[in-house]
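Hi,

Here is the structure I said I would pass on. Have a look at it first, and my notes follow underneath.

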Amino acid sequence: RKGGNSNNVEIEGRKNMKETKTVLDYSAKSLDGKEIDLSEYKGKVLLIVNTASKYGFTPQYAGLEKLYEKYRGKGFEVLGFPCNQFGSQEPGSESEIASFCQKNYGVSFPMMAKTPVKGAQQHPVYQWLTHKDRNGKEDVEVQWNFNKFLVNEKGEWVAYYPSSTSPLDEKIVSFAEGK
């Protein structure tokens, strides 16, 4: 009888533990303040990137938009997360960021509200992206803006690329193409 009780407690404990295994278990606010449940992207491959309007790599918005326009109808999405943690390179409000992205780069892919991607206030999506104990693949430190993460159609972590990797790099394009 003792063994039965401890097994029941163990099983009950497992039932009550919610382990997040994919990025699809999270949500984030969009630039216009709407809560976006990332489970909406189930079945699509994702390129998640932290962005900034005043940075040497800011022209990567053009490549991100080109990639998005070409592959969005084929199960591919780009999710932008503006970040002001690196050299104050994203100082604007959400409406200023939206206006800048649209006016200068024609950005039509989903953009989230300004997001901390590192440190004590790190957004849960980025906690998942950067910690092996959560994503099951790799520990990564976001070094600067325009770091890129690839997530498969099941919401599983696939790869990380630093700022210097173009959104039109053959590895990212192949991923967008489903290869």
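What should the 12 residues of H2 span at 1.5 Å a residue, and how far apart are its end C-alpha atoms? Keep in mind that this is a predicted model. The expected span for H2 is 16 Å, and its end C-alpha atoms sit 17 Å apart, so the two agree. I ran the same check on H3: its 12 residues should also cover 16 Å at 1.5 Å a residue, and the end C-alpha atoms are 16 Å apart, which agrees. Right after H3 comes Gly106, with a positive phi near 60°.

Now for the inside. The largest nonpolar core has 26 residues. Those with the most contacts within that core are Leu47, Leu67, Phe76, Val78, Phe109 and Met111. At least two residues of this core come from each of strand S3 (45-51), helix H2 (60-71), strand S4 (76-82), helix H3 (94-105), S6 and helix H6 (170-176). H2 contributes the most, with five residues.

Leu47 is a handy place to start clicking. Neighbours within four places in sequence aside, Leu47 touches Leu64, Leu67, Phe76, Glu77, Val78, Leu79, Lys148, Phe149, Leu150 and Ile172. There is also a second, separate core, made of 25 residues, with Leu38, Phe86, Tyr126 and Val142 among them.

Back to H2 for a moment. Its buried residues are Gln60, Tyr61, Gly63, Leu64, Glu65, Leu67, Tyr68 and Tyr71, so you will find Gln60 and Glu65 on that list too. The elements covering the buried residues of H2 include S3, S4, H3, S5 and H6.

Then there is the hairpin of S5 and S6. Strand S5 (residues 148-151) runs antiparallel to S6, and four bridges join the two. Val151 is opposite Trp157 in S6. Five residues lie between the strands, and in this hairpin Gly155 has a positive phi near 85°. As for S6 itself (residues 157-161), four of its five residues are buried, which leaves the strand mostly covered.

Last, the cysteines. How many disulfides does a search of the whole structure find? Zero. Cys83 is at 0% relative accessibility and Cys101 at 2%; both fall under the 20% cut-off, so each counts as buried.

Over to you!

Definitions and conventions: Residues are numbered from 1 along each chain as its sequence is written. This is a predicted model: local features need pLDDT of at least 70, side-chain atom pairs count only at pLDDT 80 or more; totals for chains, interfaces and linings use all residues. Side-chain values use heavy atoms; hydrogens and water are left out. A disulfide is a pair of cysteine sulfur atoms within 2.5 Å. Buried means under 20% relative accessible area, exposed over 50%, partly exposed in between (1.4 Å probe, protein chains only). Two strands pair if DSSP finds at least two bridges between them. A nonpolar core is a set of buried Ala, Val, Leu, Ile, Met, Phe, Trp, Tyr and Cys residues joined through side-chain atoms within 4.5 Å. Contact means heavy atoms within 4.5 Å. The expected span of a helix is 1.5 Å times one less than its number of residues.
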